Amino acid sequence: MSAVPRSEKPAKSAGRFRRMIERLSTSQEDLHSAELQEDAEAAGCTRIFDCHDREIVKVTGTLRTVTLRPRAGVPALEAELFDGSAALDVVWLGRRSIVGIEPGRRMIASGRISMNHGRRVLFNPKYELRPLGQE
C-alpha cells in the first residue's frame, strides 16, 4: 500500500481555528497585555519585567493610575505604567499635574530605574505621549 500525501490546507485551518478559540477563551486583560508587549517590541523598548535597579531604560505602556502624592512636603505626580509584563511607578517631582498624563494614555518613558519598597520607580523621566488615535 502506498501512503496518500495529505494536503497542507487542513493543518492550516486547524491552526487558524485553534488561534480563534484561544482568542475567544483568553481574558480581555491577557489580550491587552499581549498587545502592549508587541508595542514595546515594535518601539525598541525594554520590557518592564526585564528592568533592573540602576539601569537606564526606555519603556512603553499604558498609564493605569495617576495620583498626586507629596514626598517630603514637595508635590509629586505619580503614575503607574503597565506594559503587559509588569508595572512601574513614574514620578515627576515638583509637579501637581501634567497635561496629557491621565489614566488610559499610552506613553514611552526613559530614564534610570530605581527600586523603592520592592517596586520599580522612574523619577523625572524623559517621556513621549502616544497620539490618542493609536490607542
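# Six salt bridges and a nonpolar core

The structure holds six salt bridges, a salt bridge being a side-chain nitrogen of Lys or Arg within 4 Å of a carboxyl oxygen of Asp or Glu. This is a predicted model, where local features need pLDDT of at least 70, side-chain atom pairs count only at pLDDT 80 or more, and totals for chains, interfaces and linings use all residues. Residues are numbered from 1 along each chain as its sequence is written, and side-chain values use heavy atoms, with hydrogens and water left out.

**The chain as a whole**

- The protein chain has two helices and six strands; helices (H or I, at least four residues) and strands (E, at least two) are DSSP runs, numbered from the N terminus.
- Walk along the sequence and you meet the pattern α-α-β-β-β-β-β-β.
- Of the 135 residues in the protein chain, 33% are buried; buried means under 20% relative accessible area, exposed means over 50%, and partly exposed is in between (1.4 Å probe, protein chains only).
- The protein chain has an accessible surface of about 9,100 Å², and carbon and sulfur atoms account for 52% of that. Such areas come from the Shrake-Rupley method with a 1.4 Å probe, and for residues only the protein chains shown count as cover.
- Take the contacts between residues at least 6 apart in sequence: 54% of them join residues at least 24 apart. Contact here means heavy atoms within 4.5 Å.

**The nonpolar core**

- The largest nonpolar core has 18 residues, and the ones touching the most other members are V59, L81, L88, W92, I101 and M107. A nonpolar core is a set of buried Ala, Val, Leu, Ile, Met, Phe, Trp, Tyr and Cys residues joined through side-chain atoms within 4.5 Å.
- Two or more residues of this core come from each of β1 (56–68), β2 (76–82), β3 (87–93) and β4 (106–116).
- I101 is in contact with L63, V66, L77, W92, M107, Y127 and L129, once its neighbours within four places in sequence are set aside.

**The salt-bridge network around R119**

- Some background first: side chains of opposite charge can pair when their charged atoms come close.
- E80 and R119 meet through their side chains in a salt bridge, 3.2 Å from N to O. E80 sits in strand β2 and R119 in strand β5 (residues 119–123), so this pair ties together parts that are 39 residues apart in sequence.
- E80 is buried, at 16% relative accessible area, while R119 is partly exposed, at 34%.
- R119 also meets D89 in a salt bridge, this time at 2.8 Å from N to O. Here too distant parts of the chain are linked, with R119 in strand β5 and D89 in strand β3, 30 residues apart.
- D89 is buried, with a relative accessible area of 15%.
- Put the shared partners together and R64, E80, D89 and R119 join into one network of salt bridges.
- Leave out residues up to four places away in sequence, and D89 touches A79, E80, R119, R120, V121 and L122.

**Another salt bridge**

- E78 pairs with R69 in a salt bridge, and their closest N and O atoms are 2.9 Å apart.
- The partners sit in different settings: E78 is buried, at 8% relative accessible area, but R69 is partly exposed, at 45%.

**A buried threonine**

- T60 is part of strand β1, and its 4% relative accessibility makes it count as buried.
- From T60, the side chain reaches the backbone oxygen of M107 at 2.9 Å.

**The aromatic pair**

- Searching the whole structure turns up one aromatic pair. Rings of Phe, Tyr and Trp (its six-membered ring) pair if their centres lie within 6.5 Å; planes under 30 degrees apart count as stacked, over 60 as edge-to-face and the rest as tilted.
- The pair is W92 with Y127: the ring centres are 5.5 Å apart and the planes are at 75 degrees, so it is edge-to-face.
- W92 is in strand β3 and Y127 in strand β6 (residues 126–129), so to speak a link between distant parts of the chain, 35 residues apart.
- W92 counts as buried, at 4% relative accessibility, whereas Y127 counts as partly exposed, at 34%.

Notes
A polar contact is a pair of N or O atoms within 3.5 Å; within protein, one must be able to donate a hydrogen and the other to accept it, and residues adjacent in sequence count only if both atoms are side-chain atoms.
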